[in-house]
Amino acid sequence: MGENMRILLTLIVLLCLVSESKAQTYEKYIEKSFDFIDKNDLLSAEESLKAAMRLEPGNPNNYALLMNLGTLQRRQGKLDEALISYTAALSQQPNNETILENRGGLYVEMGEYEKAMNDYNALLILNPHHQEVLYSRAMLYLREKNYLAAEQDFDKILEVNERSINGRLGHAILEKIRGNYLDSERILNYLINEMPREWRLYEERADLYFIMGKNARAMTDISRVFAESTPTADLYVLRGKVKLAQYEKESAALDFKKALDMGYDPTVIDELMKMTE
């Protein structure tokens with residue numbers, strides 16, 4: 001074998017080894033990101049995914065890394081960065097239902113409701129029976145006071161799955177909005193009886209009880225969620241409103257401040273705080 005041929009073969013072997021090493025490192029970075037997530041070290045997990053993509057910018061699997069990166073950034077409150085990551089992932093996989101759903105949810109979180117609606121509509125063209133997105137779109141319709149469209153989406157969910165919590169819960173919310181409080185309560189009581197550990201049902205019933213002026217019942221449901229689950233900012237606000245109705249102004253103010261710390265709309269909190277003075 002000539003010297004030139006030996007050199008060429010050596011180079012080919014070296015290139016294969018480098019390529020294999022890079023692939024192993026790419027996978028290693030991904031594995032490390034999962035380890036960091038398990039330790040709740042989201043920043044290090046984020047950096048591991050970025051390192052993997054820097055190593056192999058043309059890897060066809062990077063859309064999945066971008067999607068995971070967006071979710072990590074979203075969990076850290078980096079909403080603008082998460083939007084960039086999700087959008088980059090969609091540029092590689094424009095019909096990916098999971099990415100569309102994630103970006104739609106992010107847009108809702110950012111208050112970009114029209115853009116969220118566009119993502120949900122695009123996804124439902126691809127998959128008209130997607131129950132979670134039908135529910136999410138229906139909730140946007142409720143924000144717009146488009147109750148007929150919301151009802152159609154709730155009905156569609158129940159056509160797909162007659163035992164769906166979301167479909168029945170949606171109808172309970174609609175009945176509450178329409179002032180049919182007893183019908184709403186009947187649906188919620190049925191759901192809670194069927195699923196006694198579905199805490200959002202208690203939160204929804206507590207809100208209904210508050211509207212009905214049944215503050216003691218509202219507080220019972222709220223207290224159960226606080227004892228058994230992790231309360232949302234919305235629930236802190238609701239508990240504060242109930243306390244206000246019970247003339248517990250100082251305690252209500254503490255709940256409103258906690259909701260503000262959790263990211264609740266400051267203009268709403270400002271108005272509520274005035275009522276505690």
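Is H171 buried or exposed?

## Starting at H171

This is a predicted model, and H171 makes a handy way into it. The residue sits in helix α9. With a relative accessible area of 15%, H171 falls under the 20% cut-off, so it counts as buried. Setting aside anything within four places in sequence, the contacts of H171 are E151, F154, D155, L158 and I187. One of those partners, F154, turns up again among the residues with the most contacts inside the largest nonpolar core.

## The loop just before α9

S164 belongs to the loop between α8 (147–160) and α9. Being in a loop doesn't leave it open here: S164 has 6% relative accessibility and counts as buried. Beyond its neighbours up to four places away in sequence, S164 touches Q131, I157 and L158. L158 is also on the contact list of H171.

There's a polar detail at this spot too. A polar atom of the S164 side chain lies 3.2 Å from the backbone nitrogen of N166.

## The nonpolar core

In soluble globular proteins, nonpolar side chains tend to end up buried together. In this model, the largest nonpolar core has 71 residues. Which residues have the most contacts inside it? They are L65, F154, L169, I222, F256 and I269.

Take L65 to begin with: leaving out residues up to four places away in sequence, its contacts are Y26, I30, L49, A52 and M53. F256 is another of the core's best-connected members, and its place is in helix α14. What is the relative accessible area of F256? The value is 0%, so F256 is buried. With residues up to four places away not counted, F256 touches V237, G240, K241, L244, I269, L272, M273 and T276. I269 in that list is itself among the core residues with the most contacts. As for L272, it is 16 residues from F256 in sequence, and their C-alpha atoms are 7.4 Å apart.

## The largest pocket

Rolling a probe the size of a water molecule over the atoms shows where empty space is left. The largest pocket holds about 1700 Å³ of space. Its lining is made of 33 residues, and V108, M139, R143, E203 and D234 lie nearest the centre. Which helices each supply at least two residues of this lining? They are α5 (97–109), α6 (113–126), α7 (131–143), α9 (165–177), α11 (199–211) and α13 (233–245).

What about the chemistry of the lining? By residue type it splits into 17 nonpolar, four polar and 12 charged.

## L238 on helix α13

Helix α13, one of the contributors to the pocket lining, is also where L238 is found. L238 is buried, at a relative accessible area of 6%. Not counting residues up to four places away in sequence, L238 touches E203, A206, D207, F210 and I222. Two names in that list have come up already: E203 is among the residues nearest the centre of the largest pocket, while I222 is among those with the most contacts in the largest nonpolar core.

For a sense of distance, L238 and E114 are 124 residues apart in sequence, with 27 Å between their C-alpha atoms.

## Positive phi in two loops

N40 and Y247 deserve a look at the backbone. Phi of N40 is near 60 degrees, a positive value in a residue that isn't glycine. N40 is in the loop between α1 (3–38) and α2 (42–55), and a relative accessible area of 53% puts it over the 50% cut-off, so N40 counts as exposed.

Y247 also has a positive phi without being glycine, with a value near 65 degrees. Its loop runs between α13 and α14 (249–261). Y247 is exposed, with a relative accessible area of 73%.

## Two partly exposed acidic residues

D270 lies in helix α15 (residues 266–274) and, at 43% relative accessibility, counts as partly exposed. D270 and L260 are 10 residues apart in sequence and 9.3 Å apart in space, C-alpha to C-alpha.

E194 is in helix α10 (residues 181–194). This residue is partly exposed as well, with a relative accessible area of 38%. Between E194 and Q73 there are 36 Å from C-alpha to C-alpha, at a sequence separation of 121 residues.

Notes. Residues are numbered from 1 along each chain as its sequence is written. This is a predicted model: local features need pLDDT of at least 70, side-chain atom pairs count only at pLDDT 80 or more; totals for chains, interfaces and linings use all residues. Side-chain values use heavy atoms; hydrogens and water are left out. On a 1 Å grid over the protein atoms alone, a cavity is a set of points where a 1.4 Å probe fits but cannot get out, and a pocket is an open set with protein on both sides within 12 Å along at least five of seven lines; lining residues have an atom within 4 Å of a point. Grid points are joined across faces, edges and corners, and a volume is the space filled by probe spheres set on the points. Helices (H or I, at least four residues) and strands (E, at least two) are DSSP runs, numbered from the N terminus. Ala, Val, Leu, Ile, Met, Phe, Trp, Tyr, Cys and Pro count as nonpolar, Asp, Glu, Lys and Arg as charged, and the others, Gly among them, as polar. Buried means under 20% relative accessible area, exposed over 50%, partly exposed in between (1.4 Å probe, protein chains only). Contact means heavy atoms within 4.5 Å. A nonpolar core is a set of buried Ala, Val, Leu, Ile, Met, Phe, Trp, Tyr and Cys residues joined through side-chain atoms within 4.5 Å. A polar contact is a pair of N or O atoms within 3.5 Å; within protein, one must be able to donate a hydrogen and the other to accept it, and residues adjacent in sequence count only if both atoms are side-chain atoms.
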